[in-house]
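Here are my comments on the model you passed to me, set out as numbered points that can be checked against the coordinates.

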Amino acid sequence: MDLYDAYLAVRHRLHDGDPPEHVAIVITERDLLADGAFDTLSEALGWALEYGARRVTVSVSVLDESVVPTLARELRRLDAPAPFVVRGPDDADGEQSADGEAGSADGAAGGADGEAGSADGDDAPIRITVGLGGKAEFAAAVRELASDVDVGELDPASIDADDVADRLVFPEEPDLVIKTGAERLSDFAIWQSVYAELYFTDVNWRDFRRRDYLRAVLDFQDRQRRFGR
């Protein structure tokens with residue numbers, strides 16, 4: 001850690017504001033094609049946990065869904081600092097794909113006994129979605145609701161926000177959403193991020209550093225959250 005990074009870390013530690021407990025990072029398929037992109041992701045996950053986050057969600061948006069299986073396979077080999085799970089479009093119902101076991105701290109698949117990571121990913125501190133945009137995820141949740149109504153398991157008059165959230169891939173709402181390289185969310189977590197604080201940086205993912213993450217956290221700590229009010 002160089003002197004400027006250390007200065008930002010001290011500012012963060014002495015700040016009166018609480019750091020974000022749930023951080024979401026939005027990156028693109030193109031971002032991951034750059035040299036060192038997976039190393040940057042591993043480091044960013046470590047920074048998030050180091051500076052107060054208890055949960056990290058990574059959304060990888062893709063233009064060509066045919067690359068999702070390959071990309072998901074590579075992400076499951078990620079050298080992550082904590083247990084993680086990777087899910088793609090076929091996991092919109094909350095179930096793992098055939099090869100989508102929870103990852104461990106060293107990137108290996110979690111064992112059946114769940115020692116290396118949560119067997120279903122619900123408790124994994126790091127969750128990664130690939131190619132599943134917010135519109136597609138919400139549409140899948142609506143289809144599941146309609147199916148439950150059709151078979152008589154759900155009264156349409158009783159459907160509320162919790163029923164929708166329960167059918168999302170990762171229902172928890174992030175406190176802070178970080179997007180690199182552009183000022184748009186790329187169809188990320190439409191439902192979950194409605195009250196999140198958004199942080200956009202002109203820095204491209206390949207150049208994202210500890211100081212850029214700390215700037216995002218400090219910006220969050222400086223804000224007075226109103227949660228839509």
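The points below go from the overall fold to the helices, the core, two single residues and the cavity.

1. Please keep in mind throughout that this is a predicted model. The protein has seven helices and six strands, and along the sequence these elements follow the pattern α-β-α-α-β-α-β-β-α-α-β-β-α. Buried residues make up 48% of the 229 residues. Among the contacts with a separation of 6 or more, 69% are accounted for by residues 24 or more positions apart.

2. Helix α3 covers residues 37–50, and its geometry can be checked by simple arithmetic: at 1.5 Å a residue its 14 residues should span 20 Å, and because the C-alpha atoms at its ends are 20 Å apart, the model agrees with the expected value. The buried residues of α3 are A37, T40, L41, S42, A44, L45, W47 and A48. The elements that cover these buried residues include the strands β1 (22–28), β2 (55–61) and β4 (126–130), together with the helices α2 (29–33), α4 (68–75) and α7 (210–222). Just after α3, G52 takes a positive phi of about 105°.

3. The same check can be made on α7, whose 13 residues should span 18 Å at 1.5 Å a residue, which agrees with the 18 Å between its end C-alpha atoms. Helix α7 is mostly covered, with ten of its 13 residues buried. These are R210, R211, D212, Y213, L214, A216, V217, L218, F220 and Q221, and they pack against α1, β1, α3, β5 (176–180) and β6 (197–201).

4. Which residues have the most contacts inside the largest nonpolar core? They are L75, I128 and Y213, in a core of 41 residues. When neighbours within four places in sequence are left aside, L75 is in contact with L32, F38, L41, V60, F84, V86, I128 and V130. A second core, separate from this one, has six residues, including A24, V177, F188 and A196.

5. Is D148 buried or exposed? D148, which lies in helix α5 (residues 134–150), has a relative accessible area of 13%, and because buried means under 20%, D148 counts as buried. Not counting residues up to four places away in sequence, D148 touches E153, L154 and R167.

6. H15 lies in the loop between α1 (3–14) and β1. Its relative accessibility is 24%, so H15 counts as partly exposed, given that this class runs between the 20% and 50% limits. Although H15 and Q221 are 206 residues apart in sequence, their C-alpha atoms are 7.3 Å apart in space. Beyond its neighbours within four places in sequence, H15 is in contact with L218, Q221 and D222, and of these L218 and Q221 are listed with the buried residues of α7.

7. A search of the whole structure finds one cavity of 30 Å³ or more, and the largest cavity has a volume of about 140 Å³. Of the 13 residues that line this cavity, T57, F170, F188, A189 and Q192 are the closest to its centre. The lining divides into six nonpolar, five polar and two charged residues. F188 deserves a second look in the viewer, since this residue appears in the cavity lining and also in the second nonpolar core.

Technical notes:
Residues are numbered from 1 along each chain as its sequence is written. This is a predicted model: local features need pLDDT of at least 70, side-chain atom pairs count only at pLDDT 80 or more; totals for chains, interfaces and linings use all residues. Side-chain values use heavy atoms; hydrogens and water are left out. On a 1 Å grid over the protein atoms alone, a cavity is a set of points where a 1.4 Å probe fits but cannot get out, and a pocket is an open set with protein on both sides within 12 Å along at least five of seven lines; lining residues have an atom within 4 Å of a point. Grid points are joined across faces, edges and corners, and a volume is the space filled by probe spheres set on the points. Ala, Val, Leu, Ile, Met, Phe, Trp, Tyr, Cys and Pro count as nonpolar, Asp, Glu, Lys and Arg as charged, and the others, Gly among them, as polar. A nonpolar core is a set of buried Ala, Val, Leu, Ile, Met, Phe, Trp, Tyr and Cys residues joined through side-chain atoms within 4.5 Å. Buried means under 20% relative accessible area, exposed over 50%, partly exposed in between (1.4 Å probe, protein chains only). Contact means heavy atoms within 4.5 Å. Helices (H or I, at least four residues) and strands (E, at least two) are DSSP runs, numbered from the N terminus. The expected span of a helix is 1.5 Å times one less than its number of residues.
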